[in-house]
Amino acid sequence: MTPPIVFLSDFGYRNEWVGICHAVINKIAPESHVIDLSHGVPPLDVRAGALLLSDSLPYLRHEAVILAVVDPSVGRELDIAIRTGNGRILVGPDNGLLAPAWRAAEGVAKAVSITSSEIRLEPVSQSFHARDVFAPAAAHLATGASFDDLGEQIEPQTLVDLHLSEPTVEPGKIACEVLDLNRFGNVQLNVRTSHLAAAGLDQSERLSVEATSGSAVVKRVATYADLTAGEWGLMVDPRGWLSVIRGNPSNAAADLGVGADDLVWLSRGSD
């Protein structure tokens, strides 16, 4: 069975970019099913794309070819394919987008630059490597091409890495940052439940959330239904990060006045 191709990008759906990549894949690997993981990554946000991809790995078939394209400097970086230590295959730009995923998949076992004219669609557009380089490479790998067919091997230690910032944890307080905001205004923080425990905040029913432009006292909840309209909450989102939320139809991000990368402080609130 031809393995699926899991496709992630910041392309959106207003133009033909996603569809034309599907078409290229279909010509080369017609039996390979394409799974659109997301095309709503914030434009040019490599970190957001990298985080979404690495968080999604446990739910993707191990043999799937992963095609990820968030490429602010398209044409400047190497176009690469990677086999991880546990056998996953990743295709995308060498700008750190793939780094958290390969780290979660036991590192890089082999990496190649995608340079073969037998693989790429020539002439390669300098502004659309997703169509001309990444999509055909992913399709050829799905149909059984070897890494040596794609291009020259490169040393794993030369690949661009990307490390997510860790929160600063102190007794009773966590200094963290906003990772992402979703369309409902939920504020995803770079905090896991392990950080709450390390700060001694894991048993607190209420926490204080402070940002530069606003603050709130939130209650720990398991789901959105635990909040009344406008009530503040803190829950673990489906990807395992703590998120500040408000009962619908309120918007936590707007009311806190925060955006991606903004600093946020968590501390014990009034129970």
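This note goes through selected features of a predicted model, point by point.

1. Packing of H1 and H4. Two packed helices are described by the angle between their axes and the distance between the axes. In this model, helix H1, which covers residues 17-28, packs with helix H4, which covers residues 129-142, at an angle of about 40 degrees, and their axes are 9 Å apart. That angle makes H1 oblique to H4, and the crossing in which H1 passes H4 is right-handed.

2. Residues between H1 and H4. On the H1 side, the residues that meet H4 are Ile20, Cys21, Val24, Ile25 and Ile28, and on the H4 side their partners are Ala130, Arg131, Ala135, Pro136, Ala139 and His140. Sorted by class, this contact has nine nonpolar residues, one polar residue and one charged residue.

3. His140 in more detail. His140, whose place is in helix H4, is in contact with Ile28, Glu118, Ile119 and Ala145, when its neighbours within four places in sequence are left aside. Its C-alpha atom lies 22 Å from that of Leu159, although the two residues are 19 residues apart in sequence.

4. Cysteines. How many disulfides does the structure hold? The structure holds zero disulfides. As for individual cysteines, Cys21 has a relative accessible area of 0% and is therefore buried, and Cys176, at 4% relative accessibility, counts as buried because the cut-off for this class is under 20%.

5. The surroundings of H2. Is helix H2 largely enclosed by the rest of the structure, or open to the outside? In H2, which spans residues 46-56, 11 of the 11 residues are buried, so this helix is largely enclosed by the rest of the structure. The buried residues include Arg47 and Asp55 as well as Leu51, Leu52 and Leu53. What covers them includes strand S1 (5-9), strand S2 (34-38) and strand S3 (65-69), together with helix H3, strand S9 (173-181) and strand S10 (187-189).

6. Two cis peptide bonds. One cis peptide bond joins Glu122 and Pro123, with an omega of about -5 degrees, and Pro123 is found in the loop between strand S6 (108-113) and H4. Another cis peptide bond joins Asn248 and Pro249, with an omega of about 10 degrees, and here Pro249 is found in the loop between strand S14 (242-246) and helix H7 (252-256).

7. Positive phi values outside glycine. Glu106 is not a glycine, yet it has a positive phi of about 70 degrees; this residue is found in the loop between helix H3 (99-104) and S6, and with a relative accessible area of 59% it is exposed. Asp261, also a residue other than glycine, has a positive phi near 80 degrees. Asp261 lies in the loop between H7 and strand S15 (263-268), and its relative accessible area of 47% makes it partly exposed.

8. Thr228 in a loop. Thr228 has its place in the loop between strand S12 (215-220) and strand S13 (232-236), where it is exposed, with a relative accessible area of 52%. Along the chain Thr228 is 165 residues from Glu63, and the C-alpha atoms of these two residues are separated by 43 Å.

9. Val264 in strand S15. Is Val264, which is found in strand S15, buried or exposed? Val264 is buried, with a relative accessible area of 1%. Not counting residues up to four places away in sequence, Val264 touches Ile174, Ala175, Cys176, Glu177 and Val178, and also Leu189, Val209, Glu210 and Ala211. The C-alpha atoms of Val264 and Val34 are separated by 38 Å, and the two residues are 230 residues apart along the chain.

10. Leu181 in strand S9. Leu181, whose place is in strand S9, has a relative accessible area of 29%, so it is classed as partly exposed. When residues up to four places away in sequence are not counted, Leu181 touches Asn186 and Val187, and further Ala253, Val258, Gly259 and Ala260. Between the C-alpha atoms of Leu181 and Ser54, which are 127 residues apart along the chain, the separation is 17 Å.

Key: Residues are numbered from 1 along each chain as its sequence is written. This is a predicted model: local features need pLDDT of at least 70, side-chain atom pairs count only at pLDDT 80 or more; totals for chains, interfaces and linings use all residues. Side-chain values use heavy atoms; hydrogens and water are left out. Axes are lines fitted to C-alpha atoms, for helices over the stretch in contact, and angles run from 0 to 180 degrees between N-to-C directions. Helices (H or I, at least four residues) and strands (E, at least two) are DSSP runs, numbered from the N terminus. Angles under 35 degrees count as roughly parallel, over 145 as roughly antiparallel, 65 to 115 as roughly perpendicular and the rest as oblique. A crossing is left-handed if the near helix is turned anticlockwise from the far one by less than a right angle, and right-handed if clockwise. Contact means heavy atoms within 4.5 Å. Ala, Val, Leu, Ile, Met, Phe, Trp, Tyr, Cys and Pro count as nonpolar, Asp, Glu, Lys and Arg as charged, and the others, Gly among them, as polar. A disulfide is a pair of cysteine sulfur atoms within 2.5 Å. Buried means under 20% relative accessible area, exposed over 50%, partly exposed in between (1.4 Å probe, protein chains only).
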